[in-house]
Every structure is written in structure tokens, then in C-alpha cells.
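Trainee: Please take a close look at a single part of this model, one side chain and what surrounds it, and then set that part in the context of the chain.

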Amino acid sequence: MAEVLGLIAVCVSGAMLLAWAVQGVTKHGGAVDVVWSLATGLACVAAALFPHDGGLSERQILIAILAGAWSARLTLHLFQRTLISEPDPRYVAFAERYGSYWSPRMALFLQIQAVAAFLLAVTVFFAAHNPAPGLGWTDLAGVLILAGAILGEAIADRQLRRFKADPENKGKVCDAGLWGWSRHPNYFFEWMGWLAYPVFAINLSDGYYAGLLSLTGPVFMYWLLTRVSGVPMLEREMLASKGAAYEAYQARVSPFIPLPPSGGNTARPASSAH
């Protein structure tokens, strides 16, 4: 176990060094997210399929398929977005903030993302290696949670894409559909998907206390998305560029967990862009 997790740690660290080099050449931060989602998916599949004494279990195969499906959808979406969009405003703001120190700070920042990828692989490893025989109701619950998260994220991405494609929405905040309940529904559903793996993993009745380690990935991802690289970076950029209009959006829409908008008001501000 230690050997395979150590190898995964080295591989995801190397992948994020590659992402740092690619974005340095392309000047497009979107490449970072593409590499991260692909590397994380491969690491999770490898962690799930790491054999033990009894060979591959049904649970290992199921979880490997689920992790691979998550990675394939997200990587393709991010790759397509990178090809047609302007550089990610989070990374543009990062470069402006640190100036000549931007490159080494970016390298360090991407190693934090490598830590996230590693901890998610750890989460998947302990979920896949739950020794409970066969598949049970907790496995079904895990599948439903992950499927719901992937569907929710796909819907949020499509709603934002459709909103931006309409010329009449130029300069406005996207509060269509899920974006009227959460300012970052894509981040929320991304995090929600990782909550499926502790459901697969935790099995105290059989003494599988190692399954509790599956909580490390979701906890770290929550911190990363809500305190470091997700919500804070994007919100700083939006406030700097859109000012009062985005403040109005912040005042009525939940920052992360989807909730009914304040006062039930879903009307769009007159200007701003998401």
C-alpha cells in the first residue's frame, strides 16, 4: 500500500510540474485544470485497481469505472473550454498579483493542487479496498451520490455556456438555473462527488477503521475550493472587474451550497459578467 501511494504522490507532483511548464509556454491557465483533472483521474483509477490478496473485487472495478468517468467528463469539458475561451481570470489575477514572482509562486501553488490529487487518490484507495463482500446498499448510495454530482456539474456547466452564448446576456451575471442558487454550483457539485467515496469506504461494523481515511480528500477539497483556489480567487477577480453589480449578486445568492436566493429574488442585475 505505501509503495503504490508513494508512487502516486510522485506522479501527480510530476504532472503538476508539467502543467506549470505548459501554462508557462501557452500563457493560458486553463491548461493547469486540464492536466490536473486528467492526472487526478488516472491516479484514482490506479489507486482503485491496486490488487490485494483476493484479486480485484467488484467494488474496486466499480469505483475505478466511476473515477474514470468523472475524470473523462471533466477533462473533456475543461479542454474544450480552454480551446475557445480567454485565459482563466483566476490565473490572470494571480499573475498580476505576484508580478515577477509569479512563476515560482505558481509552481508552489500547483504543488498544493498535487496534494489535493494525492489525497483524492487516497480517498479512492480506501473506498475501493473496503473488505465488505460483494456490493451492498452503501455502494448503491455512493453511486447515486456521484452520479448526481456529475449530472449537477454538467448541468451547471451547460447553463453557464448557454448563458454566455446569448448576446443579450453580455455584461450580465449568470444567475440562470443553478447559478441562481449558488454562485459556484460547478465547484459545489465537484466537491459533492468526492463525498461518495467515504460512503463506499466507511465500514466500522467489520472493523475497517482505515476507511475513515477516505474523508481526507473531501475535507481537503472543501478547504481548497472555498478558501484557496476556487471561490476566493474567482470572487476577488469578479469584484475587481464588476464592482457593485457582483456585490448585489453576492448579497442574494449562496457562495457555495445551493440554497434559495435571498428573498426569493432571482432577477438579474443590470450589468456584470460571470
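Mentor: Two residues are in contact when they have heavy atoms within 4.5 Å of each other. The model is predicted. The part to look at is Q113, which belongs to helix α5. With a relative accessibility of 5%, Q113 falls under the 20% limit, so it counts as buried. Once neighbours within four places in sequence are set aside, Q113 is in contact with M16, V32, W36, Y91 and S229.

One of these partners, W36, can be followed further. Not counting residues up to four places away in sequence, W36 touches M16, W70, A116, A117, L120 and M221 as well as Q113. M16 is thus listed as a contact of both Q113 and W36.

W36 also leads to the nonpolar interior. The largest nonpolar core has 72 residues, and W36 is among those that touch the most other members, together with I8, I63, W194, Y197 and M221. Helix α5, residues 102-128, supplies the largest share of this core, with 16 residues. The same helix holds Q113. M221, another of the residues named for touching the most other core members, is itself a contact of W36.

A second buried position can be described in the same way. D157 lies in helix α6, which covers residues 137-165. The relative accessible area of D157 is 7%, so this residue is also buried. Apart from residues up to four places away in sequence, D157 touches R73, H77 and N186.

Now the chain as a whole. There are 11 helices and 0 strands. The radius of gyration is 20 Å, close to the 19 Å that the globule rule gives for 274 residues, so the chain is as compact as a globular protein of that length. Along the principal axes, the C-alpha atoms fill a box of roughly 60 × 45 × 25 Å. Of the 274 residues, 48% count as buried. Among contacts with a separation of 6 or more, 78% join residues 24 or more positions apart.

That leaves the surface and the charges. The chain exposes about 13100 Å², and carbon and sulfur atoms supply 69% of that area. There are 19 positive and 18 negative side chains, and the centres of the two sets lie 9 Å apart.

Terms used. Residues numbered from 1 in each chain as written. Predicted model: local features only at pLDDT ≥ 70, side-chain atom pairs only at ≥ 80, totals over all residues. Heavy atoms only, no water. Helix = DSSP H or I, 4+ residues; strand = E, 2+ residues; numbered from the N terminus. Rg over C-alpha atoms; globule rule 2.2 N^0.38 Å. Buried < 20%, exposed > 50% of the residue type's maximum accessible area, 1.4 Å probe, protein only. Areas by Shrake-Rupley, 256 points an atom, 1.4 Å probe, with all protein chains shown as cover. Lys, Arg positive; Asp, Glu negative; His and termini not counted. Charge placed at Lys NZ, Arg CZ, Asp CG, Glu CD. Core = buried A, V, L, I, M, F, W, Y, C linked by side-chain atoms within 4.5 Å.
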